[in-house]
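Me: I would like to go through the wording used for this structure and ask, term by term, what each label rests on.

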Amino acid sequence: MSITLEMPQTLKRRPVDGEGSVQVQMDPRLKIDTAKVFAVYGKGGIGKSTTSSNLSAAFSLMGKRVLQIGCDPKHDSTFTLTKKLVPTVIDVLETVDFHSEELRPEDYVYEGFNGVRCVEAGGPPAGTGCGGYVVGQTVKLLKEHHLLEDTDVVIFDVLGDVVCGGFAAPLQHAERALVVTANDFDSIFAMNRIVAAIKAKSKNYEVRLGGVIANRSAGTDEIDRFNAAIGLNRIAHFPDLDEIRRSRLKKSVVFEMEGSPALEAAKAEYMRLAASLWVGTTPIDAMPMKDREIFDFLGFD
């Protein structure tokens with residue numbers, strides 16, 4: 001004899017993990033086809049926002065019309081350009097109950113150093129949303145307001161080393177992905193996983209690796225050894241300068257700072273990097289290592 005137990009009606013169904021999250025498919029029509037587009041990735045805290053903002057400033061000093069899009073809920077990508085924490089696209093959309101037709105460009109686009117236009121995409125509530133939605137809504141707004149038609153360079157500054165579909169969304173729009181790393185185990189380990197994500201996205205999108213930017217490092221020996229092993233190129237090197245750290249405290253890009261010959265060399269390196277990216281970099285087809293393989297590869301003097 002079998003016994004069937006019925007669940008009391010008073011008990012509520014436990015929600016499925018992720019239920020209520022904003023998970024969306026990327027709209028293939030949302031293409032940025034009027035500008036050179038770069039997506040900057042790297043381990044959290046490695047200096048992506050510093051690199052992105054100074055690179056934006058360098059492009060602007062070349063006479064290019066630049067748009068920087070911060071893709072981090074902390075919305076701190078562009079403050080060295082604007083001197084303030086600007087409202088995010090998600091925050092602004094929320095004020096109009098997500099009726100985007102009620103927004104004007106000045107509601108979410110802010111002018112910074114030397115005319116660089118700055119947008120902070122923001123992010124969904126922690127643990128309940130998808131970064132892809134945020135990026136998609138931001139690009140949609142920019143296209144609706146025709147802000148991409150008079151832009152030469154777009155730089156996506158992407159959250160940490162998160163390589164989920166959502167935060168990999170800028171790769172749908174980018175021509176080149178740049179990876180920022182230091183000369184240490186954790187940064188290079190994270191870079192390897194980012195390279196794997198970029199390689200996966202390149203199967204469906206036009207994005208390709210553009211190269212590695214060494215940051216906050218006196219030397220580049222481990223970076224160069226890893227690059228040689230998987231087929232990557234180092235395209236710039238910025239040492240760990242206290243003047244660059246202080247530029248963040250002063251809410252300024254390096255081009256607003258005066259200092260040592262080393263700082264002037266860093267400014268020149270940013271200008272050289274911007275010029276080389278504008279001319280165009282050779283697409284890189286690197287072959288990332290498996291986690292265990294890179295674990296054994298790194299960390300031995």
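Reply: The protein chain, seen here in a predicted model, has 10 helices and eight strands. Of its 301 residues, 51% count as buried, and among the contacts with a separation of 6 or more, residues 24 or more positions apart account for 77%.

Me: What is the order of the strands in the open sheet, and what makes S3 and S8 its edges?

Reply: The eight strands of the open sheet follow the order S3-S4-S2-S5-S1-S6-S7-S8, and their pairing is mixed. Strand S3 (110-111) and strand S8 (234-238) are called edges because each has a single partner strand, so that one side of each is left without a neighbour in the sheet.

Me: How do you know that S2 is paired with S4 and with S5?

Reply: Two strands pair if at least two bridges are found between them. Strand S2 (residues 66-71) and strand S4 (residues 117-120) share four bridges in the parallel sense, while S2 and S5 share six bridges, also in the parallel sense, so both cases satisfy the criterion of at least two. Leu-67 illustrates both pairings, with Arg-117 as its bridge partner in S4 and Val-154 as its bridge partner in S5.

Me: Why is S2 called mostly covered, and which of its residues point which way?

Reply: The label rests on burial, since six of the six residues of S2 are buried, where buried means under 20% relative accessible area. Val-66, Gln-68 and Gly-70 point one way from the strand, Leu-67, Ile-69 and Cys-71 point the other way, and all of them are buried. In a regular strand the side chains alternate between the two faces of the sheet.

Me: Which strands does H1 lie across, and which does H7 touch?

Reply: H1 lies across strand S1 (36-42), S2, strand S5 (153-158), strand S6 (176-181) and strand S7 (208-215), and runs at about 170° to S5. H7 also packs on the sheet, where it touches S6, S7 and S8, and its direction makes about 160° with that of S7.

Me: Why is H1 called roughly perpendicular to H9?

Reply: H1 and helix H9 (residues 261-279) pack with their axes 9 Å apart and at an angle of about 75°. Because angles of 65 to 115 degrees count as roughly perpendicular, H1 is roughly perpendicular to H9. On the H1 side the contact is made by Thr-50, Thr-51, Asn-54, Leu-55, Ala-58, Phe-59 and Leu-61, and on the H9 side by Tyr-270, Met-271, Leu-273, Ala-274, Leu-277 and Trp-278. By class, the residues of this contact divide into 10 nonpolar, three polar and no charged.

Me: Is Ala-58 buried or exposed, and how do you know?

Reply: Ala-58, which lies in helix H1 (residues 48-61), has 0% relative accessibility and therefore counts as buried, the cut-off being under 20%. Not counting residues up to four places away in sequence, Ala-58 touches Phe-255, Tyr-270, Met-271 and Ala-274. Ala-58 and Glu-269 are 211 residues apart in sequence, yet their C-alpha atoms are 9.6 Å apart in space.

Me: What makes H6 roughly parallel to H7?

Reply: The axes of helix H6 (residues 185-201) and helix H7 (residues 221-230) come within 11 Å and cross at roughly 30°. Since angles under 35 degrees count as roughly parallel, H6 is roughly parallel to H7. The crossing is right-handed, and the contact is made by Ile-188, Met-191, Asn-192 and Val-195 of H6 with Glu-222, Ile-223, Phe-226, Asn-227 and Ile-230 of H7. This contact of H6 with H7 has six nonpolar, two polar and one charged residues.

Me: Why is Asn-114 called partly exposed, and why is Lys-251?

Reply: Partly exposed is the range between the buried cut-off of under 20% and the exposed cut-off of over 50%. Asn-114 has 45% relative accessibility and therefore counts as partly exposed, and Lys-251, at 39%, counts as partly exposed by the same rule.

Me: What is the phi of Asn-114 and of Lys-251, and where are these residues found?

Reply: Most residues other than glycine have a negative phi. Asn-114, although not a glycine, has a positive phi of about 50° and is found in the loop between S3 and S4. Lys-251, likewise not a glycine, has a positive phi of about 55° and is found in the loop between helix H8 (242-249) and H9.

Conventions. Residues are numbered from 1 along each chain as its sequence is written. This is a predicted model: local features need pLDDT of at least 70, side-chain atom pairs count only at pLDDT 80 or more; totals for chains, interfaces and linings use all residues. Side-chain values use heavy atoms; hydrogens and water are left out. Axes are lines fitted to C-alpha atoms, for helices over the stretch in contact, and angles run from 0 to 180 degrees between N-to-C directions. Helices (H or I, at least four residues) and strands (E, at least two) are DSSP runs, numbered from the N terminus. Angles under 35 degrees count as roughly parallel, over 145 as roughly antiparallel, 65 to 115 as roughly perpendicular and the rest as oblique. A crossing is left-handed if the near helix is turned anticlockwise from the far one by less than a right angle, and right-handed if clockwise. Contact means heavy atoms within 4.5 Å. Ala, Val, Leu, Ile, Met, Phe, Trp, Tyr, Cys and Pro count as nonpolar, Asp, Glu, Lys and Arg as charged, and the others, Gly among them, as polar. Buried means under 20% relative accessible area, exposed over 50%, partly exposed in between (1.4 Å probe, protein chains only).
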